[in-house]
Amino acid sequence: MDLKRELVIPNDDLPFKMFVFEGMNGNYRVTKHWHDTVEIFVVFEGEIDFYINSSYYGLSKGRFIIVNSNEVHSIDVAKENFTIVVQIPPEEFDRFREEEYMLFRHTAEGYKEQDAAFVRLIRQMYTSYAEKRYGYELEVLSDYYKLLHFLVTKYREKDVDEEQVKKNRQMKKLYKITAYIQEHYKEDVTLETVAGMFGFSPTYLSRIFKKYANVNYKTYVLNVRVEYAYKELLNTGQSINKIAESCGFPDGRSFTKAFAARFGITPDKYRKEMRRRD
């Protein structure tokens, strides 16, 4: 099982992030991860398999899903699709928060008119943003605030149990730790070293990773390294051994094994395949 904490940075000209899902060509997998933003996936063509914690959601054309802050989720994509993703910083909901933790329903309950309007609104936001006509920022922001209104009035869960609140608190504890790992992934970030830095015992740190992030510490570090190595593989011409060395792997063989376990293909073959597509 693999998992990472994702750092979400809004678009330069917007208070949120909006983009076309990178798995549009199919044969793609997003491993288990979490972030503090609220995330919306809307499928306009094709289909994707979505997982939140241990629950499965099959998304087809015209369907959407809402991922709450700090929820562990993953995605499997077999075929081509066109999916728009919107990521909203949690502070956008602060003024509407009646409890410590605001929770939204994951997906629509059938094909209601409000769900169809929700989907159309996101498509309109993306179209305006992509075309960038004069004054597009105002047009997008106008729709964005309508989107927030939809979320807090139509899709907010009324009852949030204490266990969900407790998990959210623990995931926040992990933020600083995982941020440190992502910054120092090239180094020897052992469980004992990192636990000591943050004032925890190794046993406690291992336990909260397993209980609240559903992953063991060693696997988490391994997959952070794979994530960065993947980017170097696509964006540089460095050799497999050089990439392995620069991303904290002991050698190219260990990198190849970890990469193949995640993507089902060796890094060398994956790079060649991507180059052929270009």
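This is a guided tour of one protein chain, moving from the whole model to single residues that can be selected in turn.

**The whole chain**

Begin with everything displayed as a cartoon, and keep in mind throughout that this is a predicted model. As you turn the cartoon, you can look for 9 helices and 9 strands. The C-alpha atoms fill a box of roughly 55 × 50 × 35 Å when the box is taken along the principal axes. For a chain of 278 residues, a compact globule would have a radius of gyration near 19 Å, and the value of 20 Å found here agrees with that.

Next, switch on the surface, of which the chain exposes about 14400 Å², with carbon and sulfur atoms supplying 49%. Of the 278 residues, 50% count as buried. If you display contacts between residues at least 6 apart in sequence, 73% of them join residues at least 24 apart. Colouring by charge picks out 43 positive and 42 negative side chains, and the centres of these two sets lie 4 Å apart.

**First stop: strand β2 and the loop after it**

Select F19, which is found in strand β2, residues 17–20. Leaving aside residues up to four places away in sequence, F19 touches T83, I84, V85 and Q87, so show those side chains together with F19. For a sense of distance, also select M274, which is 255 residues away from F19 along the chain, while the C-alpha atoms of the two are separated by 21 Å.

From strand β2, follow the backbone into the loop between β2 and β3 (28–34), where N27 is found. Most residues other than glycine have a negative phi. N27 has a positive phi of about 50 degrees although it is not a glycine. With a relative accessibility of 59%, N27 counts as exposed.

**Second stop: a salt bridge between a strand and a loop**

A search of the whole structure finds 7 salt bridges, and several of them are visited from here on. Select K61 and E45, whose side chains meet in a salt bridge with an N to O distance of 3.6 Å. K61 lies in the loop between β6 (55–59) and β7 (64–67), whereas E45 belongs to strand β4 (residues 38–45), so the pair ties together parts that are 16 residues apart in sequence. On the surface view, K61 is exposed, with a relative accessible area of 54%, and E45 counts as partly exposed at 41%.

**Third stop: from helix α1 to helix α2**

Move on to the loop between α1 (113–131) and α2, and select K132 there. The phi of K132 is near 50 degrees, which is a positive value in a residue other than glycine. K132 counts as partly exposed, at 42% relative accessibility. Then add E131, R133 and E139, which are linked in a network of salt bridges.

Continue into helix α2 (residues 136–154), where D143 and K146 are 3 residues apart and separated by about one helical turn. The side chains of D143 and K146 meet in a salt bridge, at 4.0 Å from N to O. Is each partner buried or partly exposed? D143 counts as buried, at 3% relative accessibility, while K146 is partly exposed, with a relative accessible area of 46%.

**Fourth stop: R225 in helix α6**

Now select R225, which lies in helix α6, residues 217–235. R225 is buried yet has no salt bridge. Which side chain of opposite charge is nearest to R225, and how far away is it? That side chain is D188, at 5.4 Å, and a salt bridge would need a side-chain nitrogen within 4 Å of a carboxyl oxygen. To see what surrounds R225, show Y185, E187, V189, C247, G248 and F249, which R225 touches when residues up to four places away in sequence are not counted.

**Last stop: helix α9**

Finish at helix α9 (residues 267–277), where K272 and D268 both lie, 4 residues apart and about one turn of the helix from each other. K272 forms a salt bridge with D268, the closest N and O atoms being 3.4 Å apart. K272 counts as partly exposed, at 47% relative accessibility, and D268 is partly exposed as well, with a relative accessible area of 36%.

Technical notes: Residues are numbered from 1 along each chain as its sequence is written. This is a predicted model: local features need pLDDT of at least 70, side-chain atom pairs count only at pLDDT 80 or more; totals for chains, interfaces and linings use all residues. Side-chain values use heavy atoms; hydrogens and water are left out. Helices (H or I, at least four residues) and strands (E, at least two) are DSSP runs, numbered from the N terminus. The radius of gyration is taken over C-alpha atoms; the globule rule is 2.2 Å times the number of residues to the power 0.38. Buried means under 20% relative accessible area, exposed over 50%, partly exposed in between (1.4 Å probe, protein chains only). Contact means heavy atoms within 4.5 Å. Accessible areas come from the Shrake-Rupley method with a 1.4 Å probe; for residues, only the protein chains shown count as cover. Lys and Arg count as positive and Asp and Glu as negative; His and the chain ends are not counted. The place of a charge is taken as NZ of Lys, CZ of Arg, CG of Asp or CD of Glu.
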